Every structure is written in C-alpha cells, then in structure tokens.
Amino acid sequence: MRLIDEIFEMGGGYVLDFSNRSFAEFFEDEFGIDIYSGKYDARGTSKANHLRSLIELEDGYFVGQVLRKLWAYRGDMRGPQHIGTQEDMRDQEKLFGLIQKIEAGTRAPVTTSLSGAAGILNLDTVSRDLQRALDSAKTDPEDAVTAACSTVESVCRSILVELGEPLPAKKDIKGLFNAVKKPLGLSPDRTDIDPQITDDVRKVLGGLATVIEGVGALRTHGGDAHGRERGYTRIDQRIASLAIHAASTAALFLIETWQRKFPSRELPRAVEE
C-alpha cells in the first residue's frame, strides 16, 4: 500500500490530479462502479481512502486492472517528457511486480467480467448469486453450487422479462435456458452461419447446453436447494469451483449475446414470482 500511495501521489487524501468529479467519472467510465459508494468509505471519505478500500475489498484480478488503468492515466497526466525516464522505469518495475503478486491466485477473470457486466446492467440478483457462490466455495461448497446455478437462472429470467416472453412452465436452469435460446439466436439449427464453421458452432452451442444442464443436475443431486441430510459431504471446493466457473462462463456468454443482439436495450432486474 505504501508503494501505491507513493506512485499515485496519495498523500493528503488525493490521487494524482483527480478532482472528486473526475475521480468518480474515471471509475464509472472504466469499470462501471461508483467509487464513492458506501462500500468503499470504511477508511474515510477522501479519494485516497476510497481507493485503499477498493484495493482491500475487491478481487485481485479487478484490483490489478484498476492499478493498470491508473498507471496509464498517470502517464497521460505527466506527459511524454516523463515516460521512459529512470524514475518512471523504476516505478513501473515496482508497480507491475506488485500487480503480478496481487493477481496471482485470484479468481478466474470470467467471474470478474461477469460481476462487472451484471453491475453495469443493474442485474442485482445475478451479482448477489455470484458473490454468494464465490463466498461459499471454501466454507459451504454445496451452497456455492446452488448459487452458481441461480446465477444462470437469474440471467435467463431477466432476458425473458425484458423481451416480454413468458417464463417457461418449468423454471429450472434447463427450462429457462431453452426458453432464451430462440430469441437470442442460439439454436444449434440456425442457418445464418458461415458453412465452414457451422458444425463447429453447433458443437459449441450443444456443449454449452450440456454444461448448463450439468450444473442444474449437480445442484439437484449435490447442492443444498432441497435440504441436506446428516453427514452431507458429496461436494468439495474443487467441484464447487468448477460449477462456479462453468455457470459464470455460460451467464457471461448470454449477457454478451444479449448486448450484441439488442445493443440499445438494457436488462432490468430479474422479477421473482
């Protein structure tokens, strides 16, 4: 933290030459987050303290991205006359060495990307389900699997609500995914794909459906959605992590497909019945 304080000139509560407004805009534009939210004010209300709180609270991969962007901003702020100087090269070596350590061993980028997309699109249920899954992976892997499954279900429900499509009679992960395939153009039999890759795309989409069905089955047979008996130890952290990463990949793909197909529309919060 001392190194970060020094490099980003955080003495006196400042961060580089940011004003309160430009600091808020930087984090909103680059990461889609409110740096002045109550989540980041545990240390105090200054810009520096909000940044320190973010570094302490957020996932290492995300923190690494923030520090990289701040470094690029510092370079633009100081101008070309400072880039490549002995001082600049020394700071760069120290900072990026620190970033590598911060990023090492953190959760996979797909979960961070999903979390960011869910936050930007106001998918509050997706964010909660994903965070619950990540928090429970070590301490309660059965609950993590249940939450991972719910993550995909929440994305599917949100898409169907926005399109005005009825929810399927069976609202499990398989039923919800099948319901969004057609409006998103994810049916394996689509004919608008280059013939050279048609079979490949069909296999990938078929595999995606299999993964989603597998996550749902794991939730039924190994999660905690239907209660747990005494001595319940069928799932370990390794399997829970597999389910989280698989579900996150599927959910992020659905969100990105939505954004590509309907770029001017924003997903609302999932509606519970």
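Two residues are in contact when heavy atoms of theirs lie within 4.5 Å of each other. Keep that in mind for the tour, which goes through a predicted model.

**Start with the whole chain**

Show the protein chain as a cartoon. You'll see 11 helices and zero strands, so there is no sheet to look for, given that strands here are DSSP runs of E. Switch to a surface and about 14600 Å² is exposed, with carbon and sulfur atoms supplying 50% of that area. Of the 273 residues, 43% count as buried. If you look at contacts with a separation of 6 or more, 65% of them join residues 24 or more positions apart.

**Stop one: His50 and helix H3**

Select residues 47–57. That's helix H3, and His50 sits in it. Is His50 buried or exposed? With a relative accessible area of 3%, His50 is buried, because anything under 20% counts as such. Now show what is around this side chain. Setting aside neighbours within four places in sequence, His50 is in contact with Ile35, Tyr36, Ser37, Tyr40, Asp41, Gly44 and Thr45.

His50 has company, too: nine of the 11 residues of H3 are buried, so the helix is mostly covered. Colour them to see the set: Lys47, Ala48, Asn49, His50, Leu51, Arg52, Ser53, Leu54 and Ile55. What covers them? Bring up helix H1 (2–7), helix H2 (20–31) and helix H4 (60–78), which are among the elements doing the covering.

**Stop two: H2 against H3**

Keep H3 on screen and add H2. Their axes are 11 Å apart, and the two helices pack at an angle of about 25°. Angles under 35 degrees count as roughly parallel, and H2 and H3 are therefore roughly parallel to each other. For the side chains at this meeting place, pick Asn20, Phe23 and Phe27 on the H2 side and Lys47, Leu51 and Leu54 on the H3 side.

**Stop three: H8 against H11**

Next, select helix H8 (141–163) and helix H11 (237–261). Here the axes come within 8 Å and cross at roughly 10°, so H8 and H11 are also roughly parallel to each other. Quite a list of residues meets here. From H8, try Val145, Ala148, Val152, Cys156 and Ile159, among others; from H11, those taking part include Ala243, Ala247, Ala251, Leu254 and Trp258.

**Stop four: the nonpolar cores**

Stay with those two helices and look for the largest nonpolar core, which has 34 residues. Which residues have the most contacts inside it? They are Val152, Cys156, Ile159, Phe177, Val180, Leu184 and Leu254. At least two residues of this core come from each of H8, helix H9 (173–181), helix H10 (198–222) and H11.

Click on Val180 for a view from inside. Beyond its neighbours within four places in sequence, Val180 is in contact with Cys156, Ile159, Leu160 and Leu254. Then move to the second, separate core of 26 residues, where Phe8, Met10, Leu95 and Ile99 are among the members.

**Last stop: Thr257**

Go back to H11 and pick Thr257. This residue is buried, with a relative accessible area of 13%. Measure from a polar atom of the Thr257 side chain to the backbone oxygen of Phe253 and you should get 2.7 Å. Leaving out neighbours within four places in sequence, Thr257 is in contact with Leu184 and Leu186. You've met Leu184 already, in the list for the largest nonpolar core.

Notes. Residues numbered from 1 in each chain as written. Predicted model: local features only at pLDDT ≥ 70, side-chain atom pairs only at ≥ 80, totals over all residues. Heavy atoms only, no water. Core = buried A, V, L, I, M, F, W, Y, C linked by side-chain atoms within 4.5 Å. Buried < 20%, exposed > 50% of the residue type's maximum accessible area, 1.4 Å probe, protein only. Helix = DSSP H or I, 4+ residues; strand = E, 2+ residues; numbered from the N terminus. Areas by Shrake-Rupley, 256 points an atom, 1.4 Å probe, with all protein chains shown as cover. Polar contact = N/O pair within 3.5 Å; in protein donor to acceptor, adjacent residues only side chain to side chain. Axes fitted to C-alpha atoms, helices over the stretch in contact; angles between N-to-C directions. Parallel < 35°, antiparallel > 145°, perpendicular 65-115°, else oblique.
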